[in-house]
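Me: I should like to learn how to read the features of a protein model. May we go through one together?

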Amino acid sequence: MTVDRPTSTGSVARTSGATMVVAVILGVLIAACGGTSAPAGGGGGAGGGASPAGGAGAGSAVSNACALLTAADIQTVVGHAVASTSPVENQPDQPGCAWSWDSGIGSNDVTLTVVSPGGRADFDSTRQFDLKFAGGLSSLGSAAASEAAPLSSDLAQNLGDVFKVGDVAGLGDAAFMGPGTTIYAVKGDTEIQLQILDVIDDGIPAKTIQLAKIVLGHL
């Protein structure tokens, strides 16, 4: 998992995945304070197409994550015109991209990270970490709720929504939606991690899945 995104493949995958989760956790805690929730995913959306220049098949490394989505894709699905597209690389050999726009109350974006090769190991490691983390928070929230209801009960519910982990059918070989409504999907040995940051849009889960389908269609 790469939610910040960090010699064996297994050790790199575990470090990368856990780091991304921690970064997402920091972001979604802010959203949780505003009442934003991140329910587990489901449903589907747009399809893929031919591999763009700079992309790669599921069996080879991806060098240009920005080639896997277009500004037009994002405007169609998310409903905002992209103002800037910026390649990023949070970890060596893990290309990423950010597509940003101004919502009127701040800068929002779509972020994509690709782990390839080593994507399958990173996906499995991240999913295991997220499930354990979500289970621990659920127990903690229940204990707090029993001590100081209803305030702690509301907090426990918000934490449960924000850190919910749920499998998503129909995306690549396997996929799940983790903390911060981030989609993790794997196809062959290529993993994608996709998140939409838009605090005023309550349709983020479905839109994230739609964009993930487009990205996977290019692999």
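Reply: The turns below discuss a sheet, a helix that lies across it and a loop residue, all in a predicted model.

Me: In what order do the strands of the sheet stand?

Reply: The seven strands form an open sheet with antiparallel pairing, and their order is 1-2-3-7-6-5-4. Strand 1 (84–91) and strand 4 (166–167) are at the edges; each has a single partner strand, so one side of each lacks a neighbour in the sheet.

Me: How many bridges join strand 3 to strand 7, and how many join strand 6 and strand 7?

Reply: Strand 3 and strand 7 run antiparallel and are joined by seven bridges; in this pairing, D109 has L197 of strand 7 as its bridge partner. Strand 6 and strand 7 are also antiparallel, with five bridges, and Y184 is partnered by Q193 of strand 7. In the hairpin that these two strands make, two residues lie between the strands, and G188 takes a positive phi near 65°.

Me: Is strand 7 largely enclosed or open?

Reply: Strand 7 is largely enclosed by the rest of the structure, because seven of its eight residues are buried. As a general idea, the side chains of a regular strand alternate between the two faces of the sheet.

Me: How should I read a helix, and which strands does helix 5 lie across?

Reply: The general idea comes first: an α-helix has 3.6 residues a turn, so residues three or four places apart point the same way. In this structure, helix 5 (residues 204–217) contains 14 residues and reaches 20 Å from its first C-alpha to its last, close to the 20 Å expected at 1.5 Å a residue. Helix 5 lies across strand 3, strand 5, strand 6 and strand 7, and runs at about 145° to strand 7.

Me: How many residues of helix 5 are buried, and what covers them?

Reply: Helix 5 is mostly covered, with 10 of its 14 residues buried. Among them are I204, T208, L211 and V215. The cover of the buried residues includes helix 2 (71–78), strand 3 (107–115), strand 5 (174–178), strand 6 (182–187) and strand 7 (190–197).

Me: Why does S116 count as buried?

Reply: Buried means under 20% relative accessible area. S116 has 5% relative accessibility, and therefore counts as buried. This residue belongs to the loop between strand 3 and helix 3 (119–147). The side chains of S116 and T190 are joined by a polar contact of 2.9 Å.

Methods: Residues numbered from 1 in each chain as written. Predicted model: local features only at pLDDT ≥ 70, side-chain atom pairs only at ≥ 80, totals over all residues. Heavy atoms only, no water. Helix = DSSP H or I, 4+ residues; strand = E, 2+ residues; numbered from the N terminus. Expected span 1.5 Å × (residues − 1). Buried < 20%, exposed > 50% of the residue type's maximum accessible area, 1.4 Å probe, protein only. Contact = heavy atoms within 4.5 Å. Pairing = 2+ DSSP bridges. Polar contact = N/O pair within 3.5 Å; in protein donor to acceptor, adjacent residues only side chain to side chain. Axes fitted to C-alpha atoms, helices over the stretch in contact; angles between N-to-C directions.
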